[in-house]
Protein chains: 2
Amino acid sequence: MLASIISAGMSKIGKWDNLSSRELFAEAFIECMSRVPNLDRKEIGSIYVGSQSETYEHQTMYGNLVAETAGLLSKPAIRVEGCAAAGAIALRSAIIDVMSGVHDVVLAVGVEKMTAQSVDNVTDALMAASEPTLEQYNGLTFPSIYAMMAIDHMHKFGSTEEDLAKVAVKNHHNGSLNPKAHMQKQITIEDVLKSKVITSPLKLYDCSPISDGAAVALVCRTELARKYSDRPIQVLGMGAATDTLGLYSRKDISWPAAAALACSEAYKTAKIDTKQIRLTELHDAFTINEILLSEAAGFSDKGKGHILVREGETAINGKVSINPSGGLKARGHPTGATGLAQVYEIFLQLRGEADKRQVNHANYALAVNEGGSDAVVVSHVFGR
Amino acid sequence: MLASIISAGMSKIGKWDNLSSRELFAEAFIECMSRVPNLDRKEIGSIYVGSQSETYEHQTMYGNLVAETAGLLSKPAIRVEGCAAAGAIALRSAIIDVMSGVHDVVLAVGVEKMTAQSVDNVTDALMAASEPTLEQYNGLTFPSIYAMMAIDHMHKFGSTEEDLAKVAVKNHHNGSLNPKAHMQKQITIEDVLKSKVITSPLKLYDCSPISDGAAVALVCRTELARKYSDRPIQVLGMGAATDTLGLYSRKDISWPAAAALACSEAYKTAKIDTKQIRLTELHDAFTINEILLSEAAGFSDKGKGHILVREGETAINGKVSINPSGGLKARGHPTGATGLAQVYEIFLQLRGEADKRQVNHANYALAVNEGGSDAVVVSHVFGR
């Protein structure tokens with residue numbers, strides 16, 4: 001056991017024209033603190049913040065703003081960045097901090113305010129996570145990158161546009177059960193297939209939305225966790241790995257090697273097997289990526305991820321419940337916050353507080369958060 | 001003892017039109033690896049990179065590029081950011097990682113490529129580290145912020161423009177002894193006083209230059225350090241603290257409270273007293289800041305920092321040798337790299353390899369790196 005999560009909080013995800021990122025953080029932080037009445041705020045020793053605020057808000061040193069907003073000034077507050085993986089990187093940093101013995105209780109924060117920017121600006125900001133000399137400067141976009149992965153997977157393994165659509169339909173269904181989700185509308189296979197083509201074979205409903213939101217988790221030394229919470233969840237394992245930024249440099253573009261490594265390391269530290277996991281939040285920035293990550297995480301053999309969703313095995317209380325929160329697809333994707341939004345869902349699920357989307361009999365859960373084209377992947381295994 | 005530094009490396013600092021940031025990193029990394037022939041590169045478990053690449057190079061996930069350049073892909077590689085304090089934050093993260101037991105050998109990297117930008121763009125990029133609603137949007141700049149601190153100090157304590165000039169003259173002298181310094185030209189008090197006024201009372205020679213450069217350090221679990229190096233240096237203490245981003249929110253604008261806290265925490269963990277330190281690298285982005293930090297670090301009483309430099313006590317082999325490398329002022333200031341450039345100097349000094357600028361009889365050393373207007377401060381105490 002590496003550490004415990006004694007509390008978590010999340011803002012409602014959405015397009016919030018009248019809320020600053022600091023207000024979204026405050027919403028998440030207030031919820032988080034409400035679950036740990038025995039914790040004096042001053043016992044929080046350190047803060048890690050995942051965000052791309054430098055681009056979206058022209059704000060470096062965003063940690064200081066979080067510390068100030070939380071009434072925690074003077075505490076160390078560090079911004080970490082890994083594009084869409086920044087949230088899980090903040091969590092990982094907090095866990096390592098607690099493991100080191102430097103601090104007992106550490107706050108992990110993910111926050112992003114994206115919708116104040118034009119879609120062009122957001123596209124440009126996201127592309128900063130791609131390879132500079134060939135991908136960025138030649139105008140590639142992430143929908144195009146993931147479309148190439150999808151085509152490769154379809155060609156090699158026979159996955160179809162309907163399979164991708166099924167991921168979207170499932171996640172929109174789950175999102176409709178999540179009062180904090182950005183998208184709460186159920187959709188049909190036909191809706192997906194008829195939606196606007198973004199980069200073939202990906203259509204509008206294959207892509208996650210641009211969102212605003214914040215999520216936080218309080219990481220605590222396990223020996224102290226019961227002092228603050230009667231139902232902490234446990235961090236059992238973690239793994240992180242990198243791949244080339246450029247998709248063109250990889251031998252196999254539909255195999256997210258960094259994800260496979262990060263998950264196998266997380267299982268190894270947790271001393272558990274994939275088969276013991278019935279609940280997972282996977283980084284479905286595009287529908288194809290849920291399929292690729294379900295393979296890399298070992299829920300199916302390589303090249304068989306689409307069969308899982310095709311046969312309904314990934315629905316809530318299926319063989320493995322993938323993205324019961326609605327995933328990035330429907331819960332929304334405020335980049336720096338996403339990794340901790342995954343953890344927030346798992347925190348609720350393992351405590352039995354997920355209401356209409358509750359996954360039953362899950363003792364373990366896996367979160368997989370990635371940045372770029374699965375170029376940095378951070379995985380955590382939790383238990384109750 | 002928290003951890004050991006088994007090697008370090010630094011590129012020459014300067015304006016390098018024909019070198020990318022990755023090439024500057026490679027220069028530093030190759031030097032670093034040359035000092036540890038017994039280390040198989042694959043034993044490096046993890047990488048932390050301090051940089052503002054997101055702004056200067058439109059590059060997030062810069063950790064991946066470092067890992068790829070170093071032949072370390074698949075290893076976790078995380079970008080950390082705290083404007084000019086990013087380098088020391090990378091070091092701190094590496095130390096905490098080693099202390100946690102997750103990895104035995106961790107690479108800390110600082111890198112910045114600034115000179116490809118116009119001065120206006122750099123000014124704008126730096127201002128992202130200031131308070132958004134009043135400071136950024138009203139066009140304040142960092143020279144103006146530090147000028148206000150200087151005026152306050154002069155008014156309260158009687159420091160003079162000549163005292164500030166003496167900091168610049170000393171650091172240019174030291175830089176002239178440092179073959180890797182950006183500025184290797186000696187200057188006189190008159191040169192400083194007659195140089196162009198930037199924001200009164202700060203003149204051109206009171207300000208550090210805009211630079212390109214990279215610096216790295218290899219942090220190792222102490223028990224393993226002798227396997228790789230016969231002269232590792234020891235990380236004895238560390239501290240970090242935050243203050244308001246906005247200068248206007250502080251009670252005392254010429255007292256860097258976060259620096260005082262970070263240093264006292266570093267001394268406490270190191271179990272040593274300021275008086276035992278005869279060698280320090282302090283963050284002299286502006287001459288006034290060397291004086292303020294020398295007070296916060298306890299080398300003089302509050303309001304007496306200018307007396308130290310006035311009386312020549314801060315020269316190499318004075319009472320306390322401040323910035324023997326030339327400091328930010330003359331060694332140069334590639335923001336994300338600076339914190340590790342300080343550590344590179346201390347690494348050489350404590351090993352007795354600092355050649356013409358060698359400080360004698362120094363058993364301990366202090367590094368103080370800050371971001372914004374001393375809004376985040378990271379301090380480390382080293383020993384040999």
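Student: What percentage of the interface residues of chain A are also interface residues in chain B?

Tutor: The copies meet through the same surface, contact here meaning heavy atoms within 4.5 Å. This is a predicted model, so local features need pLDDT of at least 70, side-chain atom pairs count only at pLDDT 80 or more, and totals for chains, interfaces and linings use all residues; side-chain values use heavy atoms, leaving out hydrogens and water. Residues are numbered from 1 along each chain as its sequence is written, while chains are lettered from A and ligands numbered from 1 in the order written. As for the shared interface residues, the figure is 100%.

Student: What kind of axis relates chain A to chain B?

Tutor: Lay chain A on chain B, by least squares on C-alpha atoms of residues with pLDDT of at least 70 in both, and you get an RMSD of 0.0 Å. That takes a turn of 180° and a shift of 0.0 Å along the axis. So the relation is that of an axis that is two-fold.

Student: Which residue of chain A has the C-alpha nearest the axis?

Tutor: That C-alpha sits 1.8 Å from the axis. The residue is A:Ser100.

Student: How many disulfides does a search of the whole structure find?

Tutor: A disulfide here is a pair of cysteine sulfur atoms within 2.5 Å. For A:Cys263, the nearest cysteine sulfur, that of A:Cys83, is 19 Å away. For B:Cys207, the nearest is that of B:Cys83, at 15 Å. Over all chains, the search comes up with 0.
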